Amino acid sequence: MLPLSLVLAMFAAPAPNAADPAATAIADQVMTALGGEAAWRSTRFLRFDFAVESEGKIVSSRSHYWDKWTGRYRVEGKDKQGAYQVLMNLNSREGSAWRDGKPAEGEARKQLLEQGYGAWVNDSYWLLMPYKLRDPGVSLKLEGETKEGDAVYDRLLLTFDKVGLTPKDRYWVFVNRATHLVDRWEYILEDEKGPATRWEWRGWKRFGGIELAPERISEKTKRRILFPVLDVPATIPDTVFTSPEAVR
């Protein structure tokens with residue numbers, strides 16, 4: 001089961017948080033390697049597909065369109081009940097939803113809005129976690145170094161102070177000391193006892209002014225988290241956020 005991670009303001013400025021100075025310095029190095037705080041702030045639109053591959057087959061996928069500056073958001077995909085679309089504002093959590101092309105009303109609409117918000121929380125954190133190391137409510141601790149082959153990693157422990165949907169999750173982030181990028185994370189979710197689940201982060205490259213990695217690999221489970229569509233467009237038409245027909 002994928003982690004439903006912390007909910008944070010995805011473009012908030014770094015704020016004081018519980019962290020030792022060494023961990024904070026490493027987090028700042030990561031942000032610089034990603035393109036820098038200014039580049040992250042100036043990135044307005046994100047377009048990505050989140051897909052789960054198991055034993056070589058895509059078992060689930062969702063399409064996301066996000067205006068980071070205003071909170072406008074669109075997600076669409078398929079679940080056991082059929083196709084769905086959600087158009088909402090992440091700040092207010094209000095919006096509209098459709099099931100198999102028909103408007104959802106009442107409780108069905110409410111459930112789809114919650115589902116859409118949860119998809120954003122989960123999928124965007126899988127994509128953007130390294131940008132969130134110094135968010136409000138995140139506690140950082142340096143837990144030494146790890147060596148694998150010729151690579152040396154600084155191991156950061158992330159815990160959370162009463163933020164998010166699952167605040168007792170624990171993440172260990174492995175920062176490559178040569179590149180200052182995240183090569184791996186491990187986590188124990190709040191309803192788990194361990195051992196930690198490990199995923200490799202692969203394929204870092206530049207999108208617009210920022211760095212993103214389009215692949216996560218679990219060697220143990222033979223699963224992959226993929227972002228087969230990944231873009232930082234200069235603009236997204238307003239109709240994408242207002243009309244369910246816009247991107248068909």
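Okay, let's start with a histidine: H64 sits in strand β2, which runs over residues 57-67. Before I go on, keep in mind that this is a predicted model. So, is H64 buried or exposed? It's buried, with a relative accessible area of 0%. Its side chain has a partner, too: a polar contact of 2.8 Å joins the side chains of H64 and Y73. If you set aside the neighbours within four places in sequence, H64 is in contact with a list of residues that includes L46, R47, F48, D49 and F50. Also among them are R74, V75, A119, W120 and D123, along with Y73.

A word on confidence. The chain has a mean pLDDT of 90, and 90% of its residues reach 70 or more. The part to watch is residues 1-16, where pLDDT stays under 50. The model still has 65 contacts beyond four places in sequence for that stretch.

Now, helix α1. This one covers residues 21-34, so 14 residues, and reaches 20 Å from first C-alpha to last, close to the 20 Å expected at 1.5 Å a residue. Which residues of α1 are buried? They're A23, T24, I26, A27, V30, M31 and L34. Those buried residues cover an arc of only 160° around the axis, which puts them on the same side of α1. The general background here is that an α-helix has 3.6 residues a turn, so residues three or four places apart point the same way. Over on the other side of α1, P21 and T32 are exposed.

And what do the buried residues of α1 pack against? There's a helix, α2 (37-42), and then four strands: β7 (138-148), β8 (151-160), β9 (170-176) and β13 (210-212). Right after α1 comes G35, and its phi is positive, near 130°.

Next up, salt bridges. How many does a search of the whole structure find? It turns up 23. I'll walk through a few.

Take E53 and R224, whose side chains meet in a salt bridge at 2.8 Å, N to O. That pair links distant parts of the chain: E53 is in strand β1 (residues 45-54), R224 is in strand β15 (residues 223-226), and they're 171 residues apart. E53 counts as buried at 13% relative accessibility, while R224 is partly exposed, with a relative accessible area of 26%.

Then there's E148 with R184, at 3.0 Å, N to O. Again the pair links distant parts of the chain, with E148 in strand β7 and R184 in strand β10 (residues 182-188), 36 residues apart. Here the arginine is the buried partner, since R184 has 2% relative accessibility; E148 is partly exposed, at a relative accessible area of 31%. This pair also belongs to something wider: E148, R184, E186, R198 and E200 are linked in a network of salt bridges.

Last pair: the side chains of D154 and R177 meet at 2.7 Å, N to O, in a salt bridge. D154 sits in strand β8 and R177 in the loop between β9 and β10, 23 residues apart, so this one too links distant parts of the chain. D154 is buried at a relative accessible area of 10%, and R177 counts as partly exposed at 37%.

That's what I have on this one.

How values were computed:
Residues numbered from 1 in each chain as written. Predicted model: local features only at pLDDT ≥ 70, side-chain atom pairs only at ≥ 80, totals over all residues. Heavy atoms only, no water. Helix = DSSP H or I, 4+ residues; strand = E, 2+ residues; numbered from the N terminus. Expected span 1.5 Å × (residues − 1). Buried < 20%, exposed > 50% of the residue type's maximum accessible area, 1.4 Å probe, protein only. Arc of directions from axis to C-beta. Contact = heavy atoms within 4.5 Å. Salt bridge = Lys/Arg side-chain N within 4 Å of Asp/Glu carboxyl O. pLDDT = per-residue confidence, 0-100. Polar contact = N/O pair within 3.5 Å; in protein donor to acceptor, adjacent residues only side chain to side chain.
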